[in-house]
Every structure is written in C-alpha cells, then in structure tokens.
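Here's a short set of exercises to work through with the model open beside you. Try each task before reading its solution.

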Amino acid sequence: MKGLRKVLTPFAPDQSGASGVLYSMGALIVIIDAGGCTGNVCGFDEPRWHESRSAVFSAGLRDMDAILGRDELLASKIKSACDRIDTSFVAVIGTPVPATIGTDYKALKKLIESKIDIPVLPVITNGMKLYNEGEKQAYKALIDEFASDTPAYRDRIVIGMTPLTYGRYHEDLTLDDIRNIRGAGELIAASSSGIDACEYLGKDFKIVSPLYKDNIPEGIKGRTLVCHDEVVGKTIRDAGVDCDIATFFKLHDIAKQDGDKKITEEDEFIDLVRNGGYDTIAADICLRELVPDFEGRWVDLKCFAISGRL
Amino acid sequence: MKREAICYTAGELAERGKNNIPDELLSGNNLVYSSPATLAYNSPGAEGFGVKRAGLSVPESVMLIVAPGCCGRNTSLISSMPEYKNRFFYLEMTEPDLVTGRHLNKIPEAVKEILTFLKEGGKSIPRVVMICITCVDALLGTDMDRVCRKAEDFLAGSAFAGVKVRPCYMYALTREGRRPPMVHVRQTIYSLLEPMGKDARSVNIIGGFAPLENTELKTYLELAGIRNIRQISTCGTYEEFLKMASANFNLVIDPEARAAAEDMNKRLNIPYIELTRVYSTDKIRSQYKALASVTGIDIDDTFEKAEADEAVARLKDAYPDLVLNVGECTNANAFELSLSLLRMGFKVDEIYAVAAPENFVYVKNIAALSPDTKIYCNMEPTMLYYKISQSKASITVGKDAKFYCPDIPNVSWNQDTRPFGYQGVRDLMNKICEALKEAEA
C-alpha cells in the first residue's frame with residue numbers, strides 16, 4: 001500500500017530541515033506546534049542540540065489555541081521572548097497544526113512584526129514533506145529577507161551541507177554568509193536543497209559534495225547503486241564509479257542520468273536492488289533490512305535524515 | 001537586556017500565594033524552551049514511556065502510527081530496542097489526506113497488510129493493533145472508535161478475525177486538557193479487559209508501564225496472602241494480561257491512571273486505592289497504615305522504614321552540608337522530593353520544575369524551611385541563559401538538572417522501572433552517596 005511503512009521509520013521531515021538550516025544563525029526559532037514536533041527536532045533530528053544551546057522554542061499550542069486560531073496570543077508570546085532574549089531575527093516554522101487550521105503565514109509575519117523591531121521569517125513547512133523541502137524553504141526565506149547585492153565576499157560558499165545530509169561533517173552558514181551570498185566568488189551546491197537555493201539565487205554554481213569529492217567510500221566495487229542525497233551520488237559518480245543514483249529525496253534533472261530514480265516507497269527500493277544487477281549497494285545500513293537476501297557488497301553510507309545515525 | 005534565567009525564591013513565591021504565581025513559572029503563557037524536561041513533558045512521544053511505548057505495553061500488540069511523517073520520526077529511537085522490533089508500522093499522511101480525510105479509509109486495509117506481512121514473515125499474529133493518531137486528527141475531529149470498529153469488521157471472516165483494533169491518541173495539543181494523552185492511553189489499554197470471575201487473592205498495580213522496582217509493597221501484599229500481583233509490564237502474554245480483570249482491587253501508583261481505574265471500577269467492578277510516591281519516610285508510613293486499614297491486611301514496616309532512615313543517616317553523616325539541585329525529569333515530584341530532602345536536613349539550592357498550583361502546598365513548606373531556594377521553570381524561554389556558575393550545589397538529581405549543571409555530579413533517577421516507598425528513599429540515598437564518592441575518587 002502506498003504510504004505504508006513496514007520496516008523503515010519515517011525520514012527527517014521538512015520542519016527538521018528548516019530548523020537545521022536556521023540553527024546556526026542566531027535566530028529565535030519558534031516551531032508552531034504543541035510540543036511533539038519540537039521534541040522530534042531537538043530530541044532527535046538536531047545533533048547540535050546536545051552540544052550547544054540554541055534558541056529553539058515550541059509555541060506550546062493547546063487545543064483551543066489551534067481551534068480558535070489564537071495568532072495574537074502566539075505573537076504576544078514571541079514578543080515576550082524577544083524582550084528577554086537577544087536575537088537578530090525570528091523564524092516561525094510550520095508543522096501539521098498550522099497546516100490543518102490554514103494559518104496565513106504572511107498575516108502572521110505582519111502581526112508579529114507589528115510588535116517587535118526585528119525581521120520575522122515564516123518558513124512554510126507542514127511535517128508531511130521531507131527535510132530537503134524544509135531546507136529549501138528556509139534558504140528561500142533567508143535569501144528573500146537578507147541577501148543583498150554585495151560586490152565581493154568570500155571566495156566560496158557551500159550551501160546545503162547540513163547535519164541531516166552530512167551528519168557530523170556538516171558545514172554551517174552564518175547570517176553574514178546569507179547577507180553576502182550574492183557576492184560569493186563561487187557557489188557550491190552540496191545537496192539537493194543546495195541546488196534549489198543556488199537556482200533560486202540565479203547565479204552559476206557547481207554541484208559537488210565536498211565530503212565525497214575525490215574521496216570514494218571504501219569498498220565500492222563494480223556496478224553500484226548509491227542511495228543517498230542526489231549530490232552525494234553524483235559526486236561519487238563523477239569520481240569514476242559506475243553507479244546509478246536512487247534517492248528518497250529530490251532528484252533534479254540537472255543531476256539525473258539514465259538509470260537514476262527518485263523513490264518513495266519501501267517496495268521501490270526492494271525492486272531496484274533485486275532487479276538492478278548491482279554488485280555494490282552504497283546506502284545507509286538501516287536500508288539493508290529491506291533486502292536481507294541481497295548477496296552483494298554493502299557499503300554503509302550514513303544518512304542522518306534516513307537513520308538518525310551520526 | 002539582562003541575559004539571565006528568570007527565577008523566584010521559594011520565599012517570594014509563598015508570599016505571592018497560590019493564586020498569584022508569576023507568569024514565567026507557569027506553562028501555557030510563554031514559548032516553551034527546549035530542555036530535556038520539556039521534551040519529556042510537552043511531547044507525548046519523545047521520552048520515557050510516551051504514548052507509543054505505553055500503547056505497546058499490551059502484550060502481543062503492534063502499533064500502526066497514522067500521521068504525518070514528522071510524528072513518527074523519533075520512533076527510530078524506540079524501534080531499535082529489541083522488544084519493539086516488528087511492532088511499529090507507519091501509514092504516512094499526505095497533504096491530500098489532510099484535506100479529504102482519505103487516510104482513514106486506508107486504515108482497515110493497512111491493518112490487514114501488516115498482519116499478512118507478519119504472518120508471511122513467520123512472526124506470531126498480534127492480538128491487538130493499536131492505531132496511533134496525532135494532532136492532525138485531533139483537529140479534524142476524527143471518530144477513531146468508529147474507524148477501529150471498521151477495521152475489526154474488515155478482518156472478520158479472514159485469517160485475522162478476532163484481532164482487536166484500538167485507538168491511541170498522541171494528541172500533544174491536549175497535554176493540559178481534561179483527558180491528556182497519557183491518561184487516555186491508560187484508559188484504552190485497560191478497556192481491553194473483559195469481565196471475569198473475581199479472585200480474592202489477585203491485585204493489580206496500575207499506572208506504570210515498566211515494573212515497580214524491588215519494593216516492599218509487593219512483599220506486604222504477598223505476606224497478606226495475595227498470590228497474584230499483576231502489573232501490565234510483567235504480563236508475558238495477552239491471556240495473562242486479560243487475567244487482570246479478575247483482581248480484587250487495583251493499586252494506582254500514578255494519578256494518570258486514575259481515570260482508567262475509575263473505568264475498571266464501573267465496568268469490571270474492581271475498586272481502587274491510590275498510592276503516591278513520596279520521599280518522606282513518615283509519609284510513606286502513614287500511607288501504608290491507610291492501605292492496611294482499607295484492605296484489612298497487616299503491614300509491619302518497622303524493618304524497611306529503619307533501613308530507609310539509616311540510608312538517610314549514612315548520607316547525612318558522610319556529607320552533612322550536602323547541597324542539591326533537583327529537576328523534574330525524575331521519578332519524583334521535584335517539589336515533594338526537595339521538601340523531603342530539606343526535612344532530612346540537606347540543603348536544596350535550586351529546583352527546575354513547573355510551579356503549578358497543585359505543587360504550591362510543597363512550595364509553602366519549602367519556603368518555611370529554606371526561603372532562598374530558587375525555583376526555575378524548565379519551560380521558560382530565559383532558561384537559555386541559565387548559568388551553572390550561579391549554583392552552589394554539590395550534586396544534582398534529575399536528567400534535566402544534569403543538562404543545566406553538566407559539571408556537577410548527577411543522579412538522573414529517571415529509570416523506566418519505578419522506585420516506590422522505602423525502597424525509593426533507600427536507593428536514592430545510596431545512589432547520591434555513590435555518585436559523590438565516585439566524583440571524589
């Protein structure tokens with residue numbers, strides 16, 4: 001059945017992706033939820049939360065807040081927090097609750113900005129899409145709000161190297177990076193959301209994973225299926241590996257070749273492995289449970305967004 | 001801007017009174033800071049026995065989580081535990097589902113597909129399928145009882161006829177409502193019991209999802225001739241679980257099980273007695289006396305009380321000037337525990353907990369003994385600025401307290417198994433002593 005998972009647990013959702021992009025930027029991040037979504041973000045999808053404190057808050061919605069659409073109360077809570085916490089901007093991240101009650105994010109932005117003197121960035125996520133979509137939405141919101149025409153900035157900016165794709169090998173962007181992103185000498189898209197952000201900027205960019213460039217994971221031999229983010233797969237292919245890319249996330253035409261596939265269901269992955277004639281599967285080891293009968297070589301290509309393993 | 005965590009002393013709070021608790025210390029008035037305690041408190045699936053693990057405490061059950069992907073994400077943490085292998089399944093909601101509600105029509109077929117998958121994989125057929133739904137369906141007003149009945153009807157006549165399908169509501173939105181998720185899930189679990197003949201020598205202990213630790217309570221019941229002391233976590237099979245319906249009475253050890261106990265009283269004619277976990281040995285004695293009087297059993301607690309009091313005395317002898325910080329992410333009410341520690345002669349510098357009106361009786365007594373004890377609210381946004389350097393504690397109790405004071409020795413005391421009575425006092429004192437000695441070594 002479509003949408004039924006019998007083996008795998010759900011992958012990182014869009015709200016985790018949005019939060020992951022904003023985590024390092026000094027924002028006051030408000031997840032518009034009752035508490036469960038924030039629990040998922042901080043307690044599971046944000047490895048940095050265990051190491052450094054960041055201003056990630058739950059809106060603490062209760063049933064009547066949602067039923068009556070108490071945006072005024074939410075805005076007051078945010079104002080009260082801004083009065084007591086140093087921050088350069090506020091990000092409000094959507095979840096299934098505002099999606100269900102049809103929250104008007106533009107109006108919410110206006111309402112909150114009428115009470116505080118710093119920018120408010122709504123990130124329209126709903127918990128039903130995957131993390132790369134949330135990252136993309138966050139990058140777009142940041143670019144819209146902060147990116148200006150700077151003549152020259154750093155030689156190179158890598159976009160999309162977040163913990164959800166790269167685990168402990170993530171590379172954080174600062175708010176200054178976003179402000180000056182148009183002035184970067186070179187833009188690198190390190191993941192699917194990086195491609196989206198670069199395309200949105202409308203500047204030339206390279207698609208390459210800095211982690212896997214000239215660094216083919218040990219053990220890959222023969223015909224290979226790489227199941228990870230599309231940029232990871234492309235980088236491994238560009239390094240000379242004979243491989244197809246399968247991804248549960250987005251597959252852009254710009255990265256796609258014949259044989260590559262965007263997959264959604266568990267059964268699609270099983271079919272690919274069983275019928276693809278691959279010698280090696282390079283994918284998070286948790287996917288192996290789907291194909292216990294695969295007799296080829298398995299290279300554990302960790303993906304935090306899939307398994308939550310660093 | 002002060003950049004410091006807001007707190008009030010117990011003296012200040014007592015002076016303001018129960019009806020004038022500062023906004024900053026109450027939940028619902030502010031954004032919620034993400035500390036370990038708030039993740040556990042505010043998120044019904046995040047920590048310990050949330051709704052998901054609780055629902056699966058029924059032996060021979062599996063769970064189908066019908067929700068947006070985000071709601072099931074952290075289940076990976078639980079799924080990796082061996083006892084939950086092949087017990088969690090997901091039906092992911094999409095945006096069209098949200099608009100049309102069509103995900104509900106898919107549930108009966110999804111249940112059958114899961115059962116078929118388990119059967120074909122050589123696994124035993126579960127007796128119960130719990131359907132876990134989340135905030136979205138709370139807002140959509142889904143009638144899950146009807147959906148579950150429909151799923152049971154769909155199974156009728158198939159190889160899976162008789163498998164029960166029950167709803168589990170993981171509604172974080174109703175955390176402070178009349179029937180919070182952890183109350184509701186207990187009602188759901190015990191609603192599976194069916195009337196049966198009574199056994200005068202059977203008692204249930206309800207409230208927890210993991211067994212009580214090796215507490216004297218069970219010994220007292222056994223000495224009184226009780227042959228079967230059942231807890232859901234010790235029922236190895238569904239049949240054994242069903243025998244809980246034969247109990248003479250229920251002992252309720254968590255107030256969140258009170259509604260389930262009321263239901264069992266009405267439906268199965270099982271009366272209940274509520275016991276509270278406290279850390280004052282005098283209060284524990286009073287409670288056991290009350291239990292003895294209500295049930296007509298003899299309880300001689302002389303030895304156990306002396307043992308607990310000795311553990312307190314040993315810690316006091318070794319560390320006469322001990323100062324503690326106490327959190328709420330622990331197997332205790334942080335205020336009651338703090339008051340008990342003060343009455344034992346220790347000092348409590350800081351408490352991290354929601355000063356809800358029901359805790360005010362403790363706050364008043366704490367203020368009388370230690371007016372300068374500082375009370376922080378785990379949920380309050382300025383906890384972001386909490387500075388460990390302000391604390392005078394030599395040890396902390398609670399997982400949240402460790403988060404705030406990572407360099408001070410800690411006893412997390414939030415294990416799944418539940419400490420209770422004199423055993424709880426004795427073991428906590430011993431753990432504190434061990435942690436301090438270990439830090440000295």
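**Exercise 1.** Which strands does helix H13 (residues 258-268) of chain B lie across, and at about what angle does H13(B) run to S9(B)?

First, some housekeeping: this is a predicted model, where local features need pLDDT of at least 70, side-chain atom pairs count only at pLDDT 80 or more, and totals for chains, interfaces and linings use all residues. Residues are numbered from 1 along each chain as its sequence is written, while chains are lettered from A and ligands numbered from 1 in the order in which they are written.

Solution. Start with the labels: helices (H or I, at least four residues) and strands (E, at least two) are DSSP runs, numbered from the N terminus. H13(B) lies across S7, S9 and S10 of chain B, and its angle to S9(B) is about 170 degrees. Angles run from 0 to 180 degrees between N-to-C directions, and axes are lines fitted to C-alpha atoms, for helices over the stretch in contact.

Next, look at the sheet underneath. Its four strands are ordered S8-S7-S9-S10 (chain B), the sheet is open and the pairing is parallel. Strand S8 (228-230) and strand S10 (272-274) of chain B sit at the edges, each pairing on one side only. On average, neighbouring strands are turned by 20 degrees against each other, direction ignored.

Now zoom in on one pair. Strand S7 (residues 202-206) and strand S9 (residues 249-252) of chain B are joined in the parallel sense by four bridges; two strands count as paired if DSSP finds at least two bridges between them. Ile205(B) has Leu251(B) as its bridge partner in S9(B).

**Exercise 2.** At what angle do helix H10 (residues 181-190) of chain B and H13(B) pack, and how far apart are their axes?

Solution. The angle is about 30 degrees, and the axes of H10(B) and H13(B) are 7 Å apart. H10(B) and H13(B) are therefore roughly parallel to each other, given that angles under 35 degrees count as roughly parallel, over 145 as roughly antiparallel, 65 to 115 as roughly perpendicular and the rest as oblique.

Then check the handedness: the crossing of H10(B) and H13(B) is right-handed. A crossing is left-handed if the near helix is turned anticlockwise from the far one by less than a right angle, and right-handed if clockwise.

Finally, list who meets whom. From H10(B) come Val183(B), Arg186(B), Gln187(B) and Tyr190(B), which meet Ala259(B), Ala260(B), Asp263(B) and Met264(B) of H13(B). Contact here takes C-beta atoms, placed from the backbone, within 7 Å. By class, this contact has five nonpolar, one polar and two charged residues (Ala, Val, Leu, Ile, Met, Phe, Trp, Tyr, Cys and Pro count as nonpolar, Asp, Glu, Lys and Arg as charged, and the others, Gly among them, as polar).

**Exercise 3.** Is the crossing in which H16(B) passes H17(B) left-handed or right-handed?

Solution. Begin with the geometry: helix H16 (residues 334-344) and helix H17 (residues 360-369) of chain B pack at about 30 degrees, their axes 9 Å apart. That makes H16(B) roughly parallel to H17(B). The crossing is left-handed.

On to the contact itself. H16(B) brings Phe335(B), Glu336(B), Ser338(B), Leu339(B) and Leu342(B), and H17(B) brings Tyr362(B), Val363(B), Asn365(B), Ile366(B) and Leu369(B). Sorted by class, that's seven nonpolar, two polar and one charged.

**Exercise 4.** How many residues of chain A are in contact with chain B, and which element gives the largest share of that side of chain A?

Solution. Count first: 52 residues of chain A are in contact with 54 residues of chain B. Elements supplying at least two residues of chain A's side include helix H2 (36-45), strand S3 (56-58) and helix H4 (71-84). H2(A) gives the largest share, nine residues. The class tally for this side of chain A is 25 nonpolar, 18 polar and nine charged.

Then follow the strands across the chains. S3(A) and strand S2 (residues 32-33) of chain B run antiparallel, joined by two bridges. There, Phe57(A) stands opposite Tyr33(B).

**Exercise 5.** In what order do the five strands of the open sheet of chain A come?

Solution. The order is S11-S10-S9-S12-S13 (chain A), with parallel pairing. Strand S11 (261-262) and strand S13 (297-300) of chain A are the edge strands. Inside the sheet, strand S9 (residues 224-227) and strand S12 (residues 280-283) of chain A pair over four bridges, and Leu225(A) stands opposite Ile281(A).

How values were computed
Contact = placed C-beta atoms within 7 Å.
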